[in-house]
Amino acid sequence: MADTQLLDKLVSLCKRRGFVFQSSEIYGGTGSVWDYGPLGVELKRNVKEAWWRAMVHERDDIEGLDAAILMHPRVWEASGHVAEFSDPLVECGNCHRRFREDTLQSESGKATMAEIRCPSCGVTGQWSEPRQFNLMFKTFMGPVEGEAATVYLRPETAQGIFVNFLNVQQSARQKIPFGIAQIGKAFRNEITPGNFTFRTREFEQMEMQYFVEPGTDDAAFDEWKARRMEWHTGVLGLAPDRLRFHEHAPDKLAHYAKAAFDVEFFFGGSVGEEGWGEVEGVHNRTDFDLRRHEEFSGKKLQYVDTVAGKRYLPYIIETSVGADRITLAVLANGYREEEVEGEQRVVLGLKPSLAPLKAGIFPLVKRDGMPERAGAIHEDLRRRGIPNLYDDAGSIGKRYRRQDEAGTPFCITIDGEGAAEGTVTIRERDTMEQTRISEDRIPDFLLERIGA
Ligand code: ATP
């Protein structure tokens with residue numbers, strides 16, 4: 001289970017090992033925006049590819065899409081974001097910092113705002129009246145700034161899927177039920193971002209919208225709910241006791257939803273409710289979105305079932321997971337500290353399929369042909385598409401520790417002993433067990449264990 005300082009430890013490990021850096025750090029950072037370093041970009045790519053494989057490549061009934069970030073401004077009126085996508089904002093009269101009223105209330109447990117202390121300056125009850133604050137970033141398209149040229153940076157990728165529903169259905173000759181999946185950037189001007197990459201202002205979403213005939217939506221909802229939980233445990237390897245469902249109460253449902261469950265992960269610390277934070281939403285959006293787009297665009301978006309001779313607006317089951325947030329969950333899930341022979345070691349127990357590097361390749365010493373043999377193994381694995389790192393700097397113990405922190409599942413040491421018979425030792429990250437194997441078995445050994 002997570003300790004309360006886990007996120008702080010992850011921030012420091014991520015910087016030290018090159019997973020995540022603060023955006024524009026040399027200028028003092030940008031508010032809650034993060035950059036992925038050499039290992040982070042690989043980890044996040046592996047998470048996204050695992051999602052794409054499960055949601056698109058392994059299925060005949062789901063198609064991929066990559067819609068643009070900038071869309072027609074009417075899209076956001078139709079979706080309800082212009083009118084509804086806002087949070088209640090209050091300002092502290094003493095320090096003028098702004099906070100979400102609902103977050104202050106739920107975190108303090110106090111009944112009235114008059115009793116709540118400002119988390120920034122500590123003054124109690126000096127709050128302004130709440131003001132609705134729209135979370136969409138606005139910008140202008142073309143050379144003229146003004147209302148007519150206003151466009152928004154999309155706050156969710158889903159709308160790009162809805163407006164392309166018939167394009168995809170007809171071009172891919174799909175029949176209902178079928179889905180459209182997309183991975184892409186989304187932007188929200190969050191009032192109280194924080195907790196590292198948990199809540200940021202620029203993030204990536206992995207969303208799949210599944211179109212079904214009305215009346216079959218409850219069954220499809222239950223199926224996707226179960227399937228998505230299986231993905232988190234089976235594919236990402238998240239610990240089942242750190243995952244749970246949270247059902248939205250009827251009065252807390254979003255304006256478009258008939259039913260909604262969040263998949264929550266236990267991060268610990270100040271995330272969400274007692275350390276549990278949403279990583280994915282599974283929603284029954286009904287026909288709300290397509291109906292609204294029909295209304296606002298004046299175009300028919302009905303599905304025509306030629307076999308049954310019916311036409312209707314499908315219901316939509318949405319699964320929406322944040323790529324950054326779930327990557328943070330993967331890091332939090334894998335992080336552990338252990339004592340080995342009186343020394344502390346930090347290990348990122350990532351699933352080998354997700355690990356940025358699959359192996360570290362170490363010549364024991366920089367002589368007697370060991371660097372050359374190690375270099376040849378490094379090249380050979382690279383050619384086979386197995387990401388690996390050649391490292392000959394420092395003691396072998398230090399090299400192991402560096403790769404433990406990077407989550408690299410295997411380290412291969414080329415020593416003098418194995419030179420004659422062409423063998424190497426492979427050390428396994430989690431058990432620290434070492435096995436001597438023949439050099440030509442290395443690719444198979446790794447491929448068998450990396451899996452998917
Ligand atoms: P929250 O309640 O945490 O604000 P939400 O219910 O608004 O999230 P959705 O609109 O359902 O979130 O978005 C789907 C997913 O996108 C979330 O489960 C989360 O993983 C991710 N996500 C949403 N907002 C952010 C953010 N500001 N930073 C990082 N990821 C986010």
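**Figure 1. Strand S12 and its two partner strands.** Phe-261 of strand S12 stands opposite Val-282 in strand S13. The model shown here and in the other figures is predicted. S12 covers residues 259–266, and S13 covers residues 276–286. These two strands pair in the antiparallel sense, with eight bridges between them. S12 also pairs with strand S11 (residues 243–247), again antiparallel, through five bridges. In that pairing, Leu-243 faces Phe-265 of S12. Seven of the eight residues of S12 are buried, so the strand is mostly covered. In general, strands of a sheet pair through backbone hydrogen bonds, either parallel or antiparallel.

**Figure 2. The shell of residues around the ligand.** The ligand is surrounded by 16 residues, and the closest are Phe-203, Gly-281, Ser-320, Gly-322 and Arg-325. Strand S10 (202–212), strand S13, strand S16 (315–322) and helix H10 (323–334) each supply at least two residues of this shell. S13 gives the largest share, with four residues. By type, the shell contains eight charged, five polar and three nonpolar residues.

**Figure 3. Helix H2, its length and its buried residues.** Helix H2 runs over residues 38–57 and has 20 residues. At 1.5 Å a residue, the helix should span 28 Å. The C-alpha atoms at its ends are 26 Å apart, which agrees with the expected span. Among the buried residues of H2 are Leu-39, Leu-43, Val-47, Trp-51 and Met-55. The buried residues of the helix also include Glu-42, Lys-44 and Asn-46.

**Figure 4. The cis peptide bond before Pro-177.** The bond from Ile-176 to Pro-177 is cis, and its omega is near 10°. Pro-177 is found in the loop between helix H7 (165–171) and strand S9 (178–187). Most peptide bonds are trans.

**Figure 5. Two residues with a positive phi, Phe-196 and Thr-286.** Most residues other than glycine have a negative phi. Phe-196 has a phi near 60°, a positive value, and is not a glycine. This residue is found in the loop between S9 and S10. Is Phe-196 buried or exposed? Phe-196 is buried, because 25 other C-beta atoms lie within 10 Å and the cut-off for a buried residue is 20 or more. Thr-286, also not a glycine, has a positive phi of about 50° and lies in strand S13. Thr-286 has 19 C-beta neighbours inside 10 Å and therefore counts as partly exposed.

**Figure 6. An open sheet of five strands.** The strands follow the order S20-S19-S21-S22-S23, and their pairing is mixed. Which strands stand at the edges? Strand S20 (388–390) and strand S23 (434–438) do; each has a single partner strand, so one side of each is left without a neighbour in the sheet. From one strand to the next, the twist averages 25°. The partner of S23 shown here is strand S22 (residues 423–428), which runs antiparallel to S23 and is joined to that strand by five bridges. Thr-423 has Ser-438 in S23 as its bridge partner.

**Figure 7. Helix H11 across the five-stranded sheet.** Helix H11 (residues 370–383) lies across strand S19 (359–363), strand S20 and strand S21 (410–414). The helix runs at about 160° to S19. These three strands belong to the open sheet of five strands.

Notes: Residues are numbered from 1 along each chain as its sequence is written. This is a predicted model: local features need pLDDT of at least 70, side-chain atom pairs count only at pLDDT 80 or more; totals for chains, interfaces and linings use all residues. A residue is buried if 20 or more other C-beta atoms lie within 10 Å of its own, exposed if 12 or fewer, and partly exposed in between; C-beta atoms are placed from the backbone. Two strands pair if DSSP finds at least two bridges between them. The expected span of a helix is 1.5 Å times one less than its number of residues. A residue is near a molecule or strand if its C-beta atom, placed from the backbone, lies within 6 Å of it. Ala, Val, Leu, Ile, Met, Phe, Trp, Tyr, Cys and Pro count as nonpolar, Asp, Glu, Lys and Arg as charged, and the others, Gly among them, as polar. Axes are lines fitted to C-alpha atoms, for helices over the stretch in contact, and angles run from 0 to 180 degrees between N-to-C directions. Two residues are in contact if their C-beta atoms, placed from the backbone, lie within 7 Å.
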